[in-house]
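Here is a protein to look around in, one piece at a time. Take a moment with the picture before reading on.

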Amino acid sequence: MADVEICDVRKSFGATEVLHGVDITIPDKSFTVLVGPSGCGKSTLLRMIAGLEKVTSGDIVIEGQVVNDVPPKQRDIAMVFQNYALYPHMKVFDNMAFSLKLAKVDPTVIEEAVHRAAGILNLEDYLERYPRQLSGGQRQRVAMGRAIVRDPRVFLFDEPLSNLDAKLRVQMRTEIRELHQRLQTTTIYVTHDQIEAMTMADQIVVMHDGIIEQIGAPLELYDNPANVFVAGFIGSPA
Ligand code: ADP
Ligand code: MG
């Protein structure tokens, strides 16, 4: 578990700057939601926190350590994507065990870690199935299981529910919050859906065109939006 600081981070692709000096403090054990319209820079910021993308300037700080030059594997961060990114030819068990096998973790320890994660996510009966034999919600749980088994310091979620139907999306919001309640792992959750942000976050970060418009608890943003953009975005129906 860890706190994360984003300090005056800028990002350019070629001549185009897409993040214009972003400052965010993510407290240890918090559930922070980055919300904003498509194209505002959410995934880019998340990828920089994971180390999959370099910052152009500024610092990413995890537990007091600047990690700008630390490779992704050494950051101890696990990321869950929208498209699940499961390996279709591997059973659920092997999907969840994969990163531990790569890290040459002892097989009995892997076995334990996978069964523990499967227990938390209600996947114990599905470990011998292939991803194509699972429902959308089960696949998303496997994707989360792959992140949990590593017991990371930080979880990053990039629009994990956008491929699910409306009913399942609501159910999975609760499941993800319960998971956080249980593990208390610092979580940064990206969505373009303001209802998801309002119902899930301890802290919401509203982004727009590469800048932060406002940071606050859901009710703070609702009662005291900093500007017209935040008021319109948080107040509008899904
Ligand atoms: P979001 O996740 O909020 O939808 P992104 O972080 O994906 O936004 O993208 C922010 C901006 O950066 C967009 O204008 C996008 O086109 C641009 N962008 C993202 N990745 C790249 C890349 N690898 N090369 C060039 N432009 C990119
Ligand atoms: Mg995105």
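**A walk through the fold**

Let's start with who touches whom: of the contacts in the protein between residues at least 6 apart in sequence, 67% join residues at least 24 apart. Keep in mind that this is a predicted model. The average pLDDT of the protein is 93, and 98% of the residues score at least 70. For the model as a whole, the scores are ipTM 0.98 and pTM 0.93. A word of caution goes with any such model: where pLDDT is low, the predicted coordinates shouldn't be read in detail.

Now step back and take in the overall form. The protein is built with eight helices and ten strands. Measured out along the principal axes, its C-alpha atoms fill a box of roughly 50 × 40 × 30 Å. How does the radius of gyration fit with a compact globule? A compact globule of 238 residues would come out near 18 Å, and the protein has 18 Å, so the two agree. Buried residues account for 39% of the 238 residues.

Next, head inside. The largest nonpolar core has 65 residues, and Val 33, Ile 49, Leu 156 and Ile 188 are the ones that touch the most other members. Helix 4 gives the most to this core, with five residues. Let's pick out Ile 49 and see what it meets. If you leave aside its neighbours within four places in sequence, Ile 49 is in contact with Val 4, Ile 60, Ile 77, Leu 156 and Ile 188. Two of those partners, Leu 156 and Ile 188, are also on the list of residues touching the most other core members.

Finally, have a look at helix 3, which runs over residues 107-120. Its 14 residues reach 20 Å from the first C-alpha to the last, close to the 20 Å expected at 1.5 Å a residue. Which residues of helix 3 are buried? They are Ile 110, Val 114, Ala 117 and Ala 118. These four cover an arc of only 100° around the axis, which means they sit on the same side of helix 3. Go round to the other side and you find Thr 108, Val 109, Glu 112 and Gly 119, which are exposed. As for what covers the buried residues of helix 3, that includes helix 2 (92-102) and helix 4 (136-148). Helix 4 is also the one that gives the most to the largest nonpolar core. Just after helix 3, Asn 122 takes a positive phi of about 60°.

Note on methods:
Residues are numbered from 1 along each chain as its sequence is written. Chains are lettered from A and ligands numbered from 1 in the order in which they are written. This is a predicted model: local features need pLDDT of at least 70, side-chain atom pairs count only at pLDDT 80 or more; totals for chains, interfaces and linings use all residues. Helices (H or I, at least four residues) and strands (E, at least two) are DSSP runs, numbered from the N terminus. The radius of gyration is taken over C-alpha atoms; the globule rule is 2.2 Å times the number of residues to the power 0.38. A residue is buried if 20 or more other C-beta atoms lie within 10 Å of its own, exposed if 12 or fewer, and partly exposed in between; C-beta atoms are placed from the backbone. Two residues are in contact if their C-beta atoms, placed from the backbone, lie within 7 Å. The expected span of a helix is 1.5 Å times one less than its number of residues. The arc is that of the directions from the helix axis to the C-beta atoms. A nonpolar core is a set of buried Ala, Val, Leu, Ile, Met, Phe, Trp, Tyr and Cys residues joined through C-beta atoms within 7 Å. pLDDT is the predictor's confidence in each residue, from 0 to 100.
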